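Subject: The structure you asked about

Hello,

Here is the structure for you to open and turn around at your bench. My notes on what was found in it follow below.

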Amino acid sequence: VQTTKFLTTLQSKQTTTTMMPITQSIRNGILSRLPLSTSTTRSTLSFTTISKPLLIPTATTHPTPPPTIPTTFLKNTTTTTPKSFSSFTTTSSTRPFQILGIQQIAIGSLNKSSLSHLWGTIFGIPTIGQYTSEKENVDEDILSLGPTVVGEGEGDDDDDDGATSPFSVEIDLMTPLNPEKSPKVHSPALNHIGLWVDDLPLAVSWMTQNGVRFTPGGIRKGAAGHDVTFIHPKGNDDSPIGGCGVLIELVQAPPNVIKAFTTTTTTEETK
């Protein structure tokens, strides 16, 4: 009885130290040190009354538990979906329009001569036009990065604009007519980027249904004569999707640009 109690006590002591099984030799060593009555022999003791493996603590130190993450840190890193965004879902797995490529990059500054010197003199990018608008508070030089004349086989006489290659990128150097008035085209210095789209009205309709916020003014003629509209840099409660801090211009691509990009895409897919 004493032996059973002793071994059971060893088993019940679940300490934080590493435990190891009791082998037969360890059991024999324990039994040899137990005081037994004259009427009891060690051979008559049974360990079958202990149903679970017997464990004894060793000197091995328990591994250090992993550090606890402060609750304040967990709160700061929890990602939540804006409440207003939950009401918008993608209405179609296939967009009814296509973004074809980069149409322009617009850069603003208070110093027009510095802009012209860098992009024209240093970089050697030619100027192909000029645009001024009191309403938009802008004095703008239009440069073209890429071929300035449509090359052979890149377009037809009846559907190109005769000025630039479909793959050229327009660079607009913008300075304000009045730095004190809005819009302040010089701030931020990277004013906006423009993207070619094959069907601008359809793109605007689909994006609006899917929560994209556009700037006031709707679709109108841009400096280069194309229909344009702008995605607001920031979303709001009604339209939570914005340009993530960047003003984005969507530009209706003319037929030669659509043809060029569509042909290139089809050729790449067939390779």
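Leaving aside its neighbours within four places in sequence, which residues is Gly-120 in contact with? They are Leu-115, Ile-125 and Leu-143. Before I go on, please keep in mind that this is a predicted model.

Gly-120 itself sits in helix H4, which covers residues 112-122. With a relative accessibility of 28%, Gly-120 counts as partly exposed, because that class runs from 20% to 50%. Its contact with Leu-143 joins two residues that are 23 places apart along the chain, and their C-alpha atoms are separated by 8.2 Å.

Now the overall picture. The protein has 271 residues, and 32% of them count as buried. Its secondary structure comes to six helices and ten strands. If you take the contacts with a separation of 6 or more, 67% of them are between residues 24 or more positions apart.

A word on confidence, since you will want to know which parts to trust. The mean pLDDT is 76, and 56% of the residues reach 70 or more. Two stretches stay under 50. One is residues 14-19, for which the model has 16 contacts beyond four places in sequence. The other is residues 150-162, with 13 such contacts. Where pLDDT is low, the predicted coordinates should not be read in detail.

Next, the pocket. The largest pocket has a volume of about 830 Å³. Its lining is made up of 35 residues, and those nearest the centre are Glu-136, Asn-191, Arg-220, Phe-230 and Leu-247. Seven strands each give two or more residues to this lining: S3 (99-108), S4 (127-133), S6 (169-175), S7 (190-197), S8 (220-221), S9 (227-231) and S10 (248-252). Sorted by class, the lining has 15 nonpolar, eleven polar and nine charged residues.

There are also some aromatic rings to look at. The structure holds three aromatic pairs, and I will describe two of them here. Phe-97 and Trp-206 form an edge-to-face pair, with 5.6 Å from centre to centre and 65° between the planes. This pair links distant parts of the chain: Phe-97 lies in the loop between helix H3 (71-77) and strand S3, Trp-206 lies in helix H5 (residues 200-209), and the two are 109 residues apart. Both Phe-97 and Trp-206 are buried.

Trp-119 and Phe-123 make up another pair. Their ring centres are 5.1 Å apart and their planes stand at 90°, so this pair is edge-to-face too; the cut-off for that is over 60 degrees. The two partners differ in exposure: Trp-119 is buried, with a relative accessible area of 17%, whereas Phe-123 is partly exposed at 45%.

One more residue for your list is His-186, found in the loop between strands S6 and S7. Is His-186 buried or exposed? His-186 has a relative accessible area of 18%, so it counts as buried, the cut-off being under 20%. Not counting residues up to four places away in sequence, His-186 touches Gly-108, Ser-109, Leu-110, Pro-176 and Pro-179.

Enjoy looking through it, and write back with any questions.

Best wishes

Note on methods:
Residues are numbered from 1 along each chain as its sequence is written. This is a predicted model: local features need pLDDT of at least 70, side-chain atom pairs count only at pLDDT 80 or more; totals for chains, interfaces and linings use all residues. Side-chain values use heavy atoms; hydrogens and water are left out. On a 1 Å grid over the protein atoms alone, a cavity is a set of points where a 1.4 Å probe fits but cannot get out, and a pocket is an open set with protein on both sides within 12 Å along at least five of seven lines; lining residues have an atom within 4 Å of a point. Grid points are joined across faces, edges and corners, and a volume is the space filled by probe spheres set on the points. Helices (H or I, at least four residues) and strands (E, at least two) are DSSP runs, numbered from the N terminus. Ala, Val, Leu, Ile, Met, Phe, Trp, Tyr, Cys and Pro count as nonpolar, Asp, Glu, Lys and Arg as charged, and the others, Gly among them, as polar. Rings of Phe, Tyr and Trp (its six-membered ring) pair if their centres lie within 6.5 Å; planes under 30 degrees apart count as stacked, over 60 as edge-to-face and the rest as tilted. Buried means under 20% relative accessible area, exposed over 50%, partly exposed in between (1.4 Å probe, protein chains only). pLDDT is the predictor's confidence in each residue, from 0 to 100. Contact means heavy atoms within 4.5 Å.
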